[in-house]
Amino acid sequence: MSDLYFDRYAYPKRFIKSESRPGTFIRVVIPVFNEPDIRPTLESLAQCNPTKKGVEVILVINHAENASETIKENSRKTVDQINKFIIQNTSDLEIQIIEAFDLPKKKAGVGLARKIGMDEAAYRFNSINQDGVILCFDADSLCEKNYLCEIENHFLKYPDCNAASIHYEHPETNEDGNLNEPIILYELHLRYYIQALKYTDYPFAYHTIGSSMAARSSVYQKQGGMNQRKAGEDFYFLHKIIPLGNFHTITSTKVIPSARISDRVPFGTGRAMQEHQNNTKDLNLTYDFECFKIIKAFMNEINIKSNISDFYSTIKSFLIENGLETELNKIQSQSKNQTHFKQRFFEWFNGFKMLKLVHYLRDNQFHEKLLTAQATALLVELGYEINQNPTALELLKIYRQLDIDSGN
């Protein structure tokens with residue numbers, strides 16, 4: 001395979017000295033930062049059902065150059081913990097450690113850590129001429145026992161699959177056995193948003209969760225690899241790949257992400273849990289379903305001859321205020337026909353622009369409303385018969401099944 005990516009875009013340093021084991025088809029990349037106990041995650045992967053081909057786990061133990069001595073000491077303890085696990089490991093997993101210590105403070109974060117590990121995975125695949133699967137996981141996540149073999153089977157069965165999102169479900173209860181209402185609300189919000197986008201006929205409505213995504217090595221390299229964002233790296237990475245097509249959702253297994261509180265990144269699950277606890281974010285609220293009705297009309301109206309003056313007033317304002325009118329006109333003028341226009345339009349109107357549009361509608365006209373009511377409204381619009389005043393957990397179970405049913 002070509003080394004063009006590594007000449008131009010990859011992290012310049014190679015960390016793993018040992019040769020890649022021939023036949024390795026999956027490399028699991030796990031960024032590890034200030035993690036108190038990595039063993040449950042390693043045990044979850046080690047207890048997976050056997051795969052046909054080899055699996056390698058790459059753990060990127062990382063911290064910034066200006067990290068506290070406590071964090072740096074935790075990094076060293078984590079390395080020791082992993083080394084002890086390797087000695088005791090009786091599974092076929094091959095485990096590699098990358099000590100990405102003292103990273104530049106301006107770039108250090110989950111994006112750079114993922115990039116270091118994913119670049120290493122791609123390089124090792126190239127060394128054995130294997131277009132394998134780079135599988136992303138988190139240091140506080142667990143998985144079902146069929147996780148590795150189902151992902152392997154999927155990518156072997158569908159050789160044209162460029163990348164995939166893997167089904168995930170957060171734990172519904174706390175360690176004390178009580179319902180974890182905040183995580184139930186947060187996951188319901190995520191699933192409501194994706195299903196609402198599907199309702200609008202937006203073609204790129206997929207979950208973009210860092211602990212549950214996978215990409216072929218060749219596609220990873222072709223699209224310029226992982227970015228170095230300190231947060232949202234998964235969203236931006238996948239929305240570079242999704243427009244290529246052949247993006248799948250694997251629903252025959254699941255990832256179990258952590259529901260713990262965290263302030264490591266400016267948004268995401270951990271931050272949402274913390275903000276809810278601090279009463280700075282109300283997880284009971286979400287986007288008004290009316291937003292998506294307006295977007296659905298826009299998705300159906302947009303065509304090669306559309307005039308911006310024909311659109312709903314707030315949509316028109318969004319395009320003008322964000323300087324998108326000129327770009328839209330350019331796409332229309334350069335498209336050969338309606339089919340070509342639709343293809344170019346959706347490549348341009350990516351997941352980030354869609355999210356900006358939803359936020360614009362929220363901030364300027366349709367303010368947030370009760371999550372359970374909006375999630376119910378969408379289900380009713382889709383033809384579901386819903387009991388009166390359903391709980392968030394009841395709705396979440398419906399949405400989980402809806403995601404499974406609409407997956408590959």
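Q: When do two strands count as paired in a sheet, and in what order do the 8 strands of the open sheet stand here?

A: Two strands pair if DSSP finds at least two bridges between them; strands are DSSP runs of E of at least two residues, and helices are runs of H or I of at least four, numbered from the N terminus. In this predicted model, 8 strands form an open sheet with mixed pairing, in the order β3-β2-β1-β4-β7-β6-β8-β5.

Q: Which strands stand at the edges?

A: β3 (94–103) and β5 (142–143) each have a single partner strand, so one side of each is left without a neighbour in the sheet. Helix α3 (residues 69–88) packs on the sheet, where it touches β1, β2 and β3 (contact: heavy atoms within 4.5 Å).

Q: How many bridges join β1 to β2?

A: Strand β1 (residues 24–32) runs parallel to strand β2 (residues 54–64), and 8 bridges join them. I26 stands opposite V55 in β2.

Q: Is D288 buried or exposed?

A: Buried means under 20% relative accessible area, exposed over 50%, and partly exposed in between (1.4 Å probe, protein chains only). D288 is buried, at 4%. This residue lies in the loop between β9 (285–286) and α10 (289–301). Beyond its neighbours within four places in sequence, D288 is in contact with Y192, F366, H367, K369 and Q374.

Q: What conventions apply to the numbering and the values?

A: Residues are numbered from 1 along each chain as its sequence is written, and side-chain values use heavy atoms, with hydrogens and water left out. Because the model is predicted, local features need pLDDT of at least 70 and side-chain atom pairs count only at pLDDT 80 or more, while totals for chains, interfaces and linings use all residues.

Note on methods
Axes fitted to C-alpha atoms, helices over the stretch in contact; angles between N-to-C directions.
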